[in-house]
Amino acid sequence: MLTADPERTVTVTWRLSGHARRLATLALAALFLALATKRAEFAGLAAPALLLLIPRRSALPPEISVGLAVEADQITEGERVAILAKITGQREATVLVRLRPEAWITAGAAALGADGWYRLPFLAQRWGSRLIGTLEVTLHDRWRLAEGRVTVTLPRIACLPRPARLESLIVLSKLPARLGEHAARAPGEGVEFAGVREFVPGDRQRRINWPATTRRGSLQLNTFAAERAQVTVIVLDVSMDLGPAGFSTADLAGRAAAGVAAGYLAARDRVGLISFGQQLRWLSPATGRRQAERIMAMIALDSPDGEPLGSVTRLPNAALPPGALIIVVSPLLNMRLIEALRELRERGFATIVVDVLSVEPDVGLRGRRNRAMARLARRIWRMEQAAIRFSLRELGIPVVSWDGMSSLDEPLAAYTRRALVNRP
Amino acid sequence: MSGPASRGATPARAVAAPAVPLLAATVLATCAVAWAAVPMRGAHPGARPVLAVAVACAGLAILRLGAAMLASRSGAAFRETRLAARTRSALSALPWAQIMTVAVLALEALHPSRPWHTVSLGVVLLAFLLVLHLAESGARPAVLRPVLPLIAAGLALAALSAVAAALTASGGLVAVIAASAAVAVAVLALPV
C-alpha cells in the first residue's frame, strides 16, 4: 500500500561546496605563501583555482517542493521497503537524495525512477513504532561550486516483530468443549483413531471394525478422538528491557509472542494476549485473521490505554478463560509479574514460561578497584535469577530459555511431545 | 535495475569503472607529495614533519574517497557493519584533501626557490582536486568541458608567474605583488 503526504515547500540553505572549498584553500594558501615567502610563482599557482571559483550566473532556487510517500503503513522486521520522494522546483540544480536513518533501520542508496520519484530503500531491524529518520536533499549548481541542503523529517512507521518459528504446539490434556483441530482424550467425531469398543444399537454401521469383529465374534466399533480447540493466552512482558538494540529482552519477547500467536492461530485456536509493559493491556481470546492483526498491533504499538502497572495486583479474569494454556514470554525481571504467575498457578492454570533473558545487566562498577565488587554483584544477581526460576519450577511452572536465534520448537520440545496436564 | 551490470556489461568492467577515478586520485596525490618533497637535501629542517602530515592526509583523503564510493554502491549499506559505518564516519570528520593541499604547498615553500617546479606542482594539485571532485560526484570528465578555457587561462597565468619569478631571480615583494595583481586582473577581466 502506498501512502503519500501532501507536497511541502522547504527553504534551501546554500553554501560553498566541498569542491569550491578545496579550490579556495588551494588559492588562499598559494597567495599567502607568495606573500610570506616573496615568491611570485606561488601567486601564479593560485590563478587556476581562482578562475574556477568565479561565481557564475546560475539560477539557485531559494526553496523546493518535496513530496513523500511510504510504500507501506506497517512493515515487519527484516523487510525491505522504500520511501518515495519527489523533488520539484530545483530549476537547473542537480539533486542528490539521501536517507539519514535512525539507529533501528539500515538505509540503502537512493535511485531515481523513470517517473521522477526517488526510491530510498531501507531495512527495518527492530520492531516498534518509531521514526524513520530524515531525508537529506543536496542540491548542486551546474559548476558544483554551491551546495544547497534541505532536511525533511520523515514520518513514524509501525514495524511488526518477525514471528519466531513455532511448528509444534503445546496441547493441554483437557481441552474446552469447542470444536477445533487438536485431538482430545475424550471420544468424539474426529478423524484420529482412538480404539475399538463393543457395538451398541444406534451406532453407525459404517464404523464397524470388521477384522476385530471376526476375531472377537461380536460386533466391534472403531472409536475416534474428539477434536477440540484450545484457548491460549500469551503474557508478554516488556516492562523491562535489557540488552543490545535488536537483541534486547523486549525485542526477543515480542518475536516470541508473535510466533506463538501465529502458531496457535494457524491451528484455529483461540488466542488472547496480555501485554505487561508500561501499562497492562489485554485482548480477550478469539480466533481468526483479524485477531492475529489485533495481537500484532498490540505487540508493536504503544498505546496510552490500559491499566497502570502500579495498580495491578492480579492478571485480569476477562482475559483468562478457565482451562486456558498460559504462555508467558518474559525475562523474569519484574517481581510483580512473578507474583502474578504464582497467583495464576494457584488458580489452576497450566502455565509455561519462555525466558528471554540472555544478557546480564551492567552493574555500573568500573575500574580495577571495583572489579571484585562488580564480579560479586553479578554473582548475586545470577543467584537471584536462578532462585526465581527455581521457585517457579517448584510451583509447577516450567521455565524454558530461548536465545532468539533458534526456533521456539527447540526449547518447547519437551512439552510438545505429549499433552500438558492442566490440573493443579 | 538500470546499472551497467544489468545492461550486459561484464562484472569485471562494472567493478573496475568506479575504481578508475580512485586510482587516478591516488596516483596524483602520490605525485603531488613526492614532487613537493624532492629533493629533501637542502630543504628547511621543518620539511620532514610537514612531509609526514602531507603523506598522512593524502592517505586519509584517498581512504575517505574509497569508503564513500563503497558506501554509495547499491545495497552496500545493507551489508555494511557498524564498525565499517563508524570508520567511514570518522574518516569524514576532517577535510583531509584540504589539509593535504596546504601541507604540500608548505612543503614546497620550505625548499629553495624553483619556479618551474612550483608551477608543475600546482598543475598536479589542480588535477588531483578535479579528479577528486569527479570521483565524489560520480560525474564524467566531460562535465569539465565548459571550464576548460578557464583552466587553460589559469595555467597560462601560472606559467607567466613562473617566468616572472625566474627573470627576477632575486625575487622580491614587487614581483609577488605584480603576479598577484596580474592574477586578480585576469580573474576580473575574463568574460563570465
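The following exchange examines a sheet in chain A and a helix pair in chain B of a predicted model.

User: Why are α5(B) and α6(B) called roughly antiparallel?

Analyst: Helix α5 (residues 96-109) and helix α6 (residues 115-137) of chain B pack at an angle of about 175°. Angles over 145 degrees count as roughly antiparallel, and the pair α5(B) and α6(B) is therefore described in that way. Their axes are 11 Å apart.

User: Which residues make the contact, and what is their character?

Analyst: α5(B) contributes B:Ala97, B:Thr101, B:Val104 and B:Glu108, while α6(B) contributes B:Thr118, B:Leu121, B:Leu125 and B:Leu132. Five of these residues are nonpolar, two are polar and one is charged.

User: What makes β5 and β11 of chain A edge strands?

Analyst: The open sheet has three strands, in the order β5-β14-β11 (chain A), with mixed pairing. β5 (74-76) and β11 (128-131) of chain A each have a single partner strand, so one side of each lacks a neighbour in the sheet. From one strand to the next, the twist averages 35°.

User: How do you know that β11(A) and β14(A) pair?

Analyst: Pairing requires at least two bridges between the strands. β11(A) and β14 (residues 156-160) of chain A have four, in the antiparallel sense, and therefore satisfy that criterion. As for individual partners, A:Arg130 is bridged to A:Ile157 in β14(A).

User: Which helix packs on this sheet, and at what angle to β14(A)?

Analyst: Helix α5 (residues 289-300) of chain A does, touching β11 and β14 of chain A. The direction of this helix makes about 120° with that of β14(A).

Technical notes:
Residues numbered from 1 in each chain as written. Chains lettered and ligands numbered in written order. Predicted model: local features only at pLDDT ≥ 70, side-chain atom pairs only at ≥ 80, totals over all residues. Helix = DSSP H or I, 4+ residues; strand = E, 2+ residues; numbered from the N terminus. Axes fitted to C-alpha atoms, helices over the stretch in contact; angles between N-to-C directions. Contact = placed C-beta atoms within 7 Å. Parallel < 35°, antiparallel > 145°, perpendicular 65-115°, else oblique. Nonpolar A, V, L, I, M, F, W, Y, C, P; charged D, E, K, R; others polar.
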